[in-house]
Amino acid sequence: MFRYYGNTSEIGSNVLGIPSTKRSEIAYNQIKEWLLSGSARPQEVFSSYKISETLNLSRTPVTAALKQLEHEGFIEIIPQVGCMIRYPDPAEVQETFLIRAVLEGLAAEIAAKECTEEDIQKLKKIYADSIAAAEKNDLIEYAKCNRLFHLEITGLSRMERLISLDKQFWENVSYQAASVEFLLERHDVSIKQHEKILNAIEKKNGVLARTLVEAHLRECTDDFCKTL
């Protein structure tokens, strides 16, 4: 079932004066955000009717948004049934993780050299939020914090192409949908590994930070693929 947890009060209001292309863009961004949150599971069917109702938008922009998401490989539209997130392919997941290990490892090494005290405090806040989410057994919030932790480190590299590439890999909807429960089940291991990565970056030890990130993601690759 489609449950959007963002603020929908302004999405559908005053849309009469908004061009149809803009409405489709609004629908696209909101649906994609929902898919990336992990709120839906692979092969779970959801309907355009429910999405339209929840977002307070007509079916026309929602349908256009769903077609775009299907074209980009995020979902599959099944006539007379609804929309569905495809199940992740183990080989694709492994390839994605290994590429991320290289990208994020490099980012961590650079981040350790370039980060400020303000950057460290922001990273610590995300880390603390992930612990709080795990303690509350909040699947969606923990997955969000995990994603933010990794993307924040990549962002600290200040390398726009690297940031863009890594973000593309994180926008793998099938992985996000399938990994929510796995991430929480593995949280005790990941949180300890994240703490070591954070400490290495704070101590300006770029080589260690890179090694820890690469090892963390390679280990996650093996563990996650076993669940598929």
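**A friendly note on rings and turns**

1. Let us start with one residue: Trp34 is buried, since its relative accessible area is 2% and buried means under 20%. Please keep in mind as you read that this is a predicted model.

2. Now for the partners of such rings. How many aromatic pairs does a search of the whole structure find? The answer is three. A pair of this kind is described by the distance of the centres and the angle of the planes.

3. Trp34 pairs with Phe46, with 5.0 Å from centre to centre and 80 degrees between the planes. This arrangement is edge-to-face, because an angle over 60 degrees counts as such. Try finding both residues along the chain: Trp34 belongs to helix α1 (residues 20–36), while Phe46 belongs to strand β1 (residues 45–46). They are 12 residues apart, and the pair links distant parts of the chain. Phe46 is also buried, with a relative accessibility of 2%.

4. Next, look at Phe182 and Phe224. Their ring centres are 5.1 Å apart and their planes differ by 50 degrees, which makes the pair tilted. Phe182 sits in helix α8 (residues 173–185) and Phe224 in helix α10 (residues 206–225), so this contact ties together parts that are 42 residues apart in sequence.

5. Are these two rings buried or exposed? Phe182 counts as buried at 8% relative accessibility, and Phe224 is buried with a relative accessible area of 0%. Phe97 joins the picture too: ring pairs link Phe97, Phe182 and Phe224 into a cluster.

6. A ring can also have a charge for company. Here, the charged end of Arg59 sits over the ring of Tyr49, at 4.0 Å from the ring's centre.

7. Let us turn from side chains to the backbone. Most residues other than glycine have a negative phi. Gln43 has a positive value, near 70 degrees, although this residue is not a glycine. You will find Gln43 in the loop between α1 and β1. With a relative accessible area of 52%, Gln43 is exposed, because exposed means over 50%.

8. Where does Gln80 lie? Look in the loop between β2 (76–78) and β3 (82–84). Gln80 is another residue other than glycine with a positive phi, about 65 degrees. Its relative accessible area is 84%, so Gln80 counts as exposed.

Technical notes. Residues numbered from 1 in each chain as written. Heavy atoms only, no water. Phe/Tyr/Trp six-rings, centres within 6.5 Å; stacked < 30°, edge-to-face > 60°. Helix = DSSP H or I, 4+ residues; strand = E, 2+ residues; numbered from the N terminus. Buried < 20%, exposed > 50% of the residue type's maximum accessible area, 1.4 Å probe, protein only. Lys NZ or Arg CZ within 6 Å of the ring centre and 35° of its normal.
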